[in-house]
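Please open the model in your viewer and keep the sequence panel visible. The tour proceeds by selection, one stop after another.

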Amino acid sequence: VVEEVLECIQLPKFDPKAAKARVTRPGVVELPSEVIYELRRFIRAIARRYRQNPFHSYAHASHVVQSANKLLARIVKPEVVDYRRHSLNAIASDLHDYTYG
């Protein structure tokens with residue numbers, strides 16, 4: 001298992017059209033009923049293995065997965081930002097403006 005751990009994950013090139021479609025049309029992905037059934041079985045199997053622990057529980061794990069998904073979905077590298085700027089504050093400001101308008 002340790003051999004499978006990666007220090008760095010290569011992300012695909014930013015696609016502004018796909019990012020915009022994701023923001024303006026949430027929930028457009030439709031899964032076949034067979035996939036939904038298998039996914040539910042898989043999640044139930046995982047949930048049954050959790051012990052009754054007040055913190056490291058299934059609810060906590062679900063929250064972590066959803067939070068990680070939300071954070072990863074927001075990763076962008078817009079081409080309108082000049083990453084060669086010497087000021088990290090300027091880059092952060094550009095990214096903020098790009099993300100929030």
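Begin by selecting Arg74, which is partly exposed at a relative accessible area of 44%; buried means under 20% relative accessible area, exposed means over 50%, and partly exposed lies in between (1.4 Å probe, protein chains only). Arg74 sits in the loop between helix 3 (58–73) and helix 4 (88–100). Helices (H or I, at least four residues) and strands (E, at least two) are DSSP runs, numbered from the N terminus. Now add Thr99 to the selection: the C-alpha atoms of Arg74 and Thr99 are 8.8 Å apart, although 25 residues separate the two in sequence.

Some notes on reading the model belong here. Residues are numbered from 1 along each chain as its sequence is written, and side-chain values use heavy atoms, with hydrogens and water left out. This is a predicted model, in which local features need pLDDT of at least 70 and side-chain atom pairs count only at pLDDT 80 or more, while totals for chains, interfaces and linings use all residues.

**The whole chain**

Next, display the entire protein chain. It contains 4 helices and 0 strands, in the order α-α-α-α along the sequence. Of its 101 residues, 7% are buried. The accessible surface (Shrake-Rupley method with a 1.4 Å probe; for residues, only the protein chains shown count as cover) comes to about 9,900 Å², and carbon and sulfur atoms account for 59% of that surface.

Colour the chain by pLDDT, the predictor's confidence in each residue, from 0 to 100. The average for the protein chain is 78, and 83% of the residues score at least 70. Where is confidence lowest, and where is it highest? The lowest mean, 65, belongs to helix 1 (residues 16–24), and the highest, 90, to helix 2. Where pLDDT is low, the predicted coordinates should not be read in detail.

**Helix 1 and the segment before it**

Select Lys13, in the segment before helix 1. This lysine counts as exposed, at 69% relative accessibility. Add Pro78, which is 65 residues from Lys13 along the chain; their C-alpha atoms are separated by 9.9 Å.

Then move to Pro16, in helix 1, which is partly exposed with a relative accessible area of 45%. Its partner for this view is Glu79: the two are 63 residues apart along the chain, with 9.0 Å between their C-alpha atoms.

**Helix 2: a salt bridge**

Select Arg41 and Glu38 and show their side chains. They form a salt bridge in which the closest N and O atoms are 3.7 Å apart; the term denotes a side-chain nitrogen of Lys or Arg within 4 Å of a carboxyl oxygen of Asp or Glu. A search of the whole structure finds 1 salt bridge. Because Arg41 and Glu38 are 3 residues apart in helix 2, about one helical turn separates them. Arg41 is partly exposed at 46% relative accessibility, and Glu38 is likewise partly exposed at 44%.

**Two surface patches**

Patches are made of residues with over 30% relative accessible area and no salt bridge; like charges are joined within 9 Å, and nonpolar side chains (Val, Leu, Ile, Met, Phe, Trp, Tyr) within 5 Å.

Select Arg40, Arg44, Arg48 and Arg49, which form a positive surface patch. Lys and Arg count as positive and Asp and Glu as negative, while His and the chain ends are not counted; the place of a charge is taken as NZ of Lys, CZ of Arg, CG of Asp or CD of Glu. Arg49 lies in helix 2 and is exposed, at 72% relative accessibility.

Finally, select Val29, Leu31, Val35, Ile36, Leu39, Phe42, Ile43, Ile46, Tyr50 and Tyr58, a nonpolar surface patch with about 850 Å² of accessible area together. Which element gives the most to the nonpolar patch? Helix 2 (residues 33–49) does, with 6 residues. Val35 has its place in helix 2 and is partly exposed, at a relative accessible area of 39%.
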